[in-house]
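Good morning. I will go through one protein model today, starting from a single residue and working outwards. Please keep the picture in view while I talk.

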Amino acid sequence: MALPLPSPDAQAASDALSDQLRAAIREAGGWLSFARFMELALYAPRLGYYAGGAHKFGAAGDFVTAPELTPLFAQAVAVQVAQGMAGSAPQVLEAGGGSGRLAADLLLALEARGALPDTYAILEVSGELAARQRDTIAAAAPHLLPRVHWLDRLPERWRGVVLGNEVLDAMPVQLVRWSDTGPQERGVALAEDGRFAFADRPAAGALAAGAARLAGDYGIAPGYLSEINLAAEAWMGEWGRRLEAGLVLLFDYGFPGREYYHPDRRAGTLMCHYRHHAHPDPFFLPGLQDITAHVDFTAMAEAAFTGGLDVLGYTGQAAFLYNCGLLDALAALPDENARLRATGAVHKLTSPAEMGELFKVLACGKGLAEPLVGFARHDRLAAL
């Protein structure tokens, strides 16, 4: 498949990041873990995919997320967020705010419900994205912008709702190949011509222990290649320490562990996105493409529970949105043309062939007494 060529400026930025990556490999002795390679490709200052200036989200970017499709997504999510705040504190922290579309629409939806948070924090590591988020909110809801502030690290303590849409899949993953001699960590080295190349070495420490446990749990055979996301597991566990009361609500694409490590998925889930083209090459134009992996929701739930959170719900995105009144919100649109325009987006959000089944919703929390409305029907906690 031929992928679109970048502009000269974009190519120059990618070349500069490639030079940084080569230097990092050499400084590491000729071998760099794939997790570190992915971290630099996505987050290196000024040059990484999420740290650079290129548009990532929407029709002009590389992919479209659920909030970009229709405000009805945020209106449904607002039902669950309002319940989570009512049981804890009137605060929302959105991790990885994207274009700012979810924040803007969610604030307006919460205002319409009489459930505005006192503060809406956005945890964002990219200054370029933070500026874009501010512009989006200022254009859509300027009167609510004073409630919004930005964070560059996790708060030490939090009460309220933590919200993340496609956050876990953007965290750097370790690649593991199971072999007859034990689990191998797949990293990145340099070929003789200077190109990036995969190279394996024996896994060690927490990665080796995790790989051995997965092999026992799921019968993983030699030759199998997949991902383990220790960074996302640590992030989930951190909320057990930092969340005093409230709800952690996460939307992402992925599977429970038994499906994630199914024998038929023996090449893993690593995928790249460049100008609405999906392809498997993480070495293509570093800094200009997204690199992502699906989420093992069993691992996320176990990390949250081990960290001290209650695991409160797990279901498909379609079931969650239906439980939160998505179809009622669609029917309440003011005219037939508006309903017709929104129907296509709702179909994409909920169809089993689109986002409705591939995307899942995981809820964890602390100190919440009431069952969560988003999981009232078709909760799949038992699948984890």
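Let me start in a loop. Thr70 sits in the loop between α3 (66–69) and α4 (71–86). One point before going on: this is a predicted model.

Is Thr70 buried or exposed? Its relative accessible area is 6%, and the cut-off for buried is under 20%, so Thr70 counts as buried. What does Thr70 touch, if we leave out residues up to four places away in sequence? The answer is Ala345 and Leu349.

Next, a residue in a strand. Asn165 belongs to strand β5, which covers residues 158–165. With a relative accessible area of 10%, Asn165 is buried. Leaving out residues up to four places away in sequence, Asn165 touches Thr65, Ala66, Pro67, Phe73, Leu102 and Phe251.

Now the nonpolar cores. The largest nonpolar core has 51 residues, and those touching the most other members are Val77, Leu106, Tyr120, Leu249 and Phe320. Which helix gives the most to this core? That is α4, with ten residues. Take Tyr120 from that list. Not counting residues up to four places away in sequence, the contacts of Tyr120 include Val92, Glu94, Leu102, Arg147, His149 and Leu163. Another core lies apart from the largest one; it has 40 residues, among them Leu175, Val176, Trp178 and Ala211.

On to the aromatic rings. How many aromatic pairs are there? The count is 20, taking rings of Phe, Tyr and Trp with centres within 6.5 Å. One of them joins Tyr43 and Tyr50. Their ring centres are 5.6 Å apart and their planes meet at 20°, which is under the 30 degrees limit, so the pair is stacked. The two partners are covered to differing degrees: Tyr43 is partly exposed, at a relative accessible area of 30%, whereas Tyr50 is buried, at 10%.

A second stacked pair is Tyr218 with Tyr261, at 5.7 Å centre to centre and 20° between the planes. Tyr218 lies in helix α7 (residues 205–218), while Tyr261 lies in the loop between α9 (257–260) and β11 (271–274), so this pair ties together parts that are 43 residues apart in sequence. Both Tyr218 and Tyr261 are buried. They also belong to a cluster linked by ring pairs, together with Trp178, Tyr224, Phe255 and Tyr260. You may recall Trp178 from the core of 40 residues.

Some rings have a charge over them. The charged end of Arg22 sits over the ring of Phe196, 5.1 Å from the ring centre. Likewise, Arg186 has its charged end over the ring of Phe198, 5.7 Å from the centre.

Last, the whole protein. It has 14 helices and 16 strands. Buried residues make up 56% of its 384 residues. Along the principal axes, the C-alpha trace spans about 60 × 50 × 40 Å. What radius of gyration would a compact globule with 384 residues have? The value would be near 21 Å, and the protein has 21 Å, so the two agree.

As for contacts between residues at least 6 apart in sequence, 78% of them join residues at least 24 apart. The exposed area of the protein is about 16,100 Å², and carbon and sulfur atoms supply 54% of that.

That is all I have. Thank you.

Terms used. Residues numbered from 1 in each chain as written. Predicted model: local features only at pLDDT ≥ 70, side-chain atom pairs only at ≥ 80, totals over all residues. Heavy atoms only, no water. Phe/Tyr/Trp six-rings, centres within 6.5 Å; stacked < 30°, edge-to-face > 60°. Buried < 20%, exposed > 50% of the residue type's maximum accessible area, 1.4 Å probe, protein only. Helix = DSSP H or I, 4+ residues; strand = E, 2+ residues; numbered from the N terminus. Lys NZ or Arg CZ within 6 Å of the ring centre and 35° of its normal. Contact = heavy atoms within 4.5 Å. Core = buried A, V, L, I, M, F, W, Y, C linked by side-chain atoms within 4.5 Å. Rg over C-alpha atoms; globule rule 2.2 N^0.38 Å. Areas by Shrake-Rupley, 256 points an atom, 1.4 Å probe, with all protein chains shown as cover.
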